[in-house]
Amino acid sequence: MQINVIKPGLATSVQDGGREGFYHLGIPPSGGLDQYSLRLANLLVGNAADAAVLEMTLLGPELQFAGEATVAVSGARMKPVLDGMEMPLDTAFAVRAGQVLRFGPASAGCRAYLAVAGGIAVPEALGSRSTYTLGALGGYQGRRLAANDVLPLGTAAYPSRAGTTVPADCLPVLEKSVTLRMVPGLYIHRLTPAAVARFFADEWTVGTEADRIGYRLKGGAPLAFEPRTPPFGAGSDPSNIVDACYPIGSVQVPGGLEPIILLRDAVSGGGYMTLGTVISVDLDIVGQLQPHHRVRFVPVTMEQALAARQHYQRRLARLAHLLTH
């Protein structure tokens, strides 16, 4: 079985749960930016929660199915249209051979996830099918989809699950104005206390420079740094340091002007100081922000971050229970 790509959409790529274990070599995890929605779509069609899907950004692709399949679309509100008929989001539905699936533009959120029973069966690279475009690794030939691509599909593990759906309280909340929890980091001391307070008080706006590598934020006040004698190798910019590792979710502010939240395709280290790290469970929220959406940050402790992660894991476990029993 296969899917023929008629139109690729704006930035459609194959993603799964991610490529863990290679960040120390400079290879980021990639994988779906909204991990919850990726798992929701997979569970609806009977796949493993972290199976390979299509991640679709703002404008979806146009796809023709060569055979019968069961599919589900979750995440951003990009209405699936099958041969001219609107189909439900967050509900598995059947596709017949030869039918064409299109998508409306995202009315809320930024990224939708199309899961197909059996998964997208591109070859694995370092244990994952996720696309890392900067390294031309994984996915479909290491890149975003293009017209006339042919996507292989795996074998469905279950009979058709068409009609399977989830309660509304299990769906992601897609907002235009969000608050992100951040654990303050090793280098926030480089800012003056007034600048730290202003950073958390300001409302920031997502810039158009927002992709899988990172989200640039605009609109807040420039950040003032404590005076220093630059260490050897750091450079003259007050935001420069002598290289450090960047956890996924790190917030750097080059020149103290525009924060950048580093995401799942970002480099593993560099020479800009980081203010802290957006907690892992809030990265799904970041992945659903469109340009011009609004962001505030709130500081949290490591203990609060771990508690939030436990709550997130319980939510995922409940979702899996609902859709597999």
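A salt bridge here is a side-chain nitrogen of Lys or Arg within 4 Å of a carboxyl oxygen of Asp or Glu. Lys7 and Glu62 offer a good place to start, as their side chains meet in such a bridge, at 4.0 Å from N to O. Lys7 lies in strand E1 and Glu62 in strand E4 (residues 62–65), so the pair ties together parts that are 55 residues apart in sequence. Please keep in mind that this is a predicted model. The tour below goes from the overall layout to a few individual residues.

**Overall layout**

- The protein chain is divided into domain 1, residues 2–171, and domain 2, residues 177–312.
- Between the C-alpha centres of domain 1 and domain 2 there is a distance of 29 Å.
- Where the two domains meet, 29 residues of domain 1 are in contact with 19 residues of domain 2.
- An unreviewed UniProt entry carries the annotation "domain: Carboxyltransferase" for residues 24–316.
- Over residues 24–316, helix makes up 14% of the chain and strand 29%, with the end C-alpha atoms 28 Å apart.

**Helix H1 and what surrounds it**

- Helix H1 spans residues 35–45, and eleven of its eleven residues are buried, so H1 is largely enclosed by the rest of the structure.
- Among the buried residues of H1 are Tyr36, Arg39, Asn42 and Val45.
- The cover over these buried residues includes strands E2 (13–15), E3 (53–57), E5 (69–75) and E10, together with helices H3 and H4 (302–324).
- At the N-terminal end of H1, Asp34 acts as a cap, with a side-chain oxygen 3.3 Å from the backbone nitrogen of Tyr36.
- Just after H1 comes Gly46, which takes a positive phi of about 90°.

**Asp284, a buried acidic residue**

- Asp284 is found in helix H3, residues 283–287.
- What is the nearest side chain of opposite charge to Asp284? It is Arg315, 6.4 Å away, and the buried Asp284 has no salt bridge.
- A polar atom of the Asp284 side chain does lie 3.3 Å from the backbone nitrogen of Tyr36.
- Leaving aside residues up to four places away in sequence, Asp284 touches Leu33, Asp34, Gln35, Tyr36 and Tyr312.

**Salt bridges**

- The structure holds 16 salt bridges.
- In the Lys7 pair, Glu62 counts as buried at 12% relative accessibility.
- Lys7 also touches Pro61, and its C-alpha atom is 9.2 Å from that of Asp149, 142 residues apart along the chain.
- Arg264 and Glu20 form another bridge, 3.7 Å from N to O.
- Arg264 lies in the loop between strands E17 (260–262) and E18 (269–272), and Glu20 in the loop between E2 and H1, so this pair ties together parts that are 244 residues apart in sequence.
- Arg264 counts as buried at 14% relative accessibility, whereas Glu20 is exposed at 56%.
- Lys218 is bridged to Glu209, with the closest N and O atoms 3.3 Å apart.
- Lys218 is partly exposed, with a relative accessible area of 26%, and Glu209 is partly exposed too, at 40%.
- Glu55, Arg111, Arg212 and Asp265 are joined into one network by salt bridges that share partners.

**Positive phi in the E10–E11 loop**

- Ala136 lies in the loop between strand E10 (111–116) and strand E11 (150–152), and its phi is near 50°, a positive value in a residue other than glycine.
- Gln141 lies in the loop between E10 and E11, with a positive phi near 55°.
- Are these residues buried or exposed? Ala136 is exposed, with a relative accessible area of 54%, and Gln141 is exposed, at 56%.

Terms used:
Residues are numbered from 1 along each chain as its sequence is written. This is a predicted model: local features need pLDDT of at least 70, side-chain atom pairs count only at pLDDT 80 or more; totals for chains, interfaces and linings use all residues. Side-chain values use heavy atoms; hydrogens and water are left out. UniProt positions are given in the numbering used here, feature names are shortened, and annotations may be inferred rather than shown by experiment. Helices (H or I, at least four residues) and strands (E, at least two) are DSSP runs, numbered from the N terminus. Buried means under 20% relative accessible area, exposed over 50%, partly exposed in between (1.4 Å probe, protein chains only). Lys and Arg count as positive and Asp and Glu as negative; His and the chain ends are not counted. A polar contact is a pair of N or O atoms within 3.5 Å; within protein, one must be able to donate a hydrogen and the other to accept it, and residues adjacent in sequence count only if both atoms are side-chain atoms. Contact means heavy atoms within 4.5 Å. Domain bounds come from an automatic or database domain assignment.
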